[in-house]
Amino acid sequence: MRRLFPVTDMTAHDTEAGAGREWSLDELADAYAYPEPPSAEAAWLRANMVSSLDGAGQHDGRSQPLSSETDMRIFGTLRGLADVIVVGAETVRLEGYRPARARDAFAARRDAAGQGPAPVIAVVSASLNLDFSLPLFTEPLVPTLILTGAAAPAERVRAAREAGAEVLVAGDGAGVEPARAKAVLAERGLRRQLTEGGPRLLGQFVAAEVLDELCLTVSPTMTAGDAQRIAGGPPVAVPTRFAVASLLEQDGFLFTRYRRI
């Protein structure tokens with residue numbers, strides 16, 4: 001692993017020392033630490049996505065073929081730092097989401113930050129068309145949350161609650177309002193927020209201008225075809241500007257981190 005940015009007096013030394021070896025989880029956690037401390041009033045929402053060189057956010061409907069071992073270690077690190085993982089219902093179905101697990105490597109860090117043993121999973125769904133027999137709902141270390149609108153189908157809300165999930169209203173209509181979802185989670189003390197997509201959900205966060213940070217892995221692959229980009233939905237009126245915060249490299253993969261200006 002090499003640190004390419006930020007450039008400091010120690011960058012050359014860090015690059016030489018880190019090149020050719022795997023960074024420890026502590027080193028990765030330090031590199032991806034949330035702004036400290038998160039304020040009591042506001043949350044920090046970061047996204048973690050992967051893209052091919054030609055802009056594909058997935059291959060054959062899944063992101064895993066674009067990933068690498070180091071990418072998955074960073075994926076696990078970002079989860080280990082988060083209070084809550086926000087994910088769209090379609091991604092839950094396609095990626096076979098399971099409950100987040102407690103990891104010894106992050107236990108002391110989470111305890112010092114006042115966090116529980118594992119992040120909460122919060123599923124964004126207007127219809128609540130979810131399989132509540134999945135481990136995500138039957139075997140979570142902490143109860144799974146569902147973010148939905150006030151007009152969500154009452155029978156599906158009941159089914160979710162009977163399965164042990166907690167349903168939170170984050171919109172006046174059928175759908176979820178991104179800014180309100182962010183605030184509802186923050187009110188519960190879940191201020192270190194991470195979203196892993198999918199593209200439609202990320203597009204909604206971008207359009208609502210509530211995404212604070214993007215952790216994007218650029219995979220040294222090309223897929224061609226018509227795979228979806230990392231963010232979908234209608235275009236924003238004015239492109240949202242981000243500034244590079246850090247850049248790491250390993251085996252041709254670029255691990256970038258951008259913050260909204």
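These are a few notes on the nonpolar cores and on some strand pairing.

1. First, the ground rules. This is a predicted model, where local features need pLDDT of at least 70, side-chain atom pairs count only at pLDDT 80 or more, and totals for chains, interfaces and linings use all residues. Residues are numbered from 1 along each chain as its sequence is written, and side-chain values use heavy atoms, with hydrogens and water left out.

2. The largest nonpolar core (buried Ala, Val, Leu, Ile, Met, Phe, Trp, Tyr and Cys residues joined through side-chain atoms within 4.5 Å; buried means under 20% relative accessible area with a 1.4 Å probe, protein chains only) has 37 residues. Tyr32, Val123 and Ile146 have the most contacts inside it. Elements giving two or more residues include helix H3 (69-81), strand S4 (120-124) and strand S10 (253-260). Helix H2 gives the most, with four residues. Helices (H or I, at least four residues) and strands (E, at least two) are DSSP runs, numbered from the N terminus.

3. Have a look at Tyr32. Leaving aside residues up to four places away in sequence, Tyr32 touches (heavy atoms within 4.5 Å) Arg46, Ile74, Leu78, Leu81, Cys215, Leu248, Phe255 and Arg257.

4. Another core, of 24 residues, lies apart from the largest one; Val124, Phe205, Val210 and Leu214 are among its members.

5. Now the strands, which pair if DSSP finds at least two bridges between them. S1 (residues 2-5) and S9 (residues 242-250) run antiparallel, joined by three bridges, and Arg2 has Glu249 in S9 as its bridge partner.

6. S9 also runs antiparallel to S10, with eight bridges. Gln250 is partnered by Phe253 in S10. Their hairpin has two residues between the strands, and Asp251 there takes a positive phi near 55°.

Key: Buried < 20%, exposed > 50% of the residue type's maximum accessible area, 1.4 Å probe, protein only.
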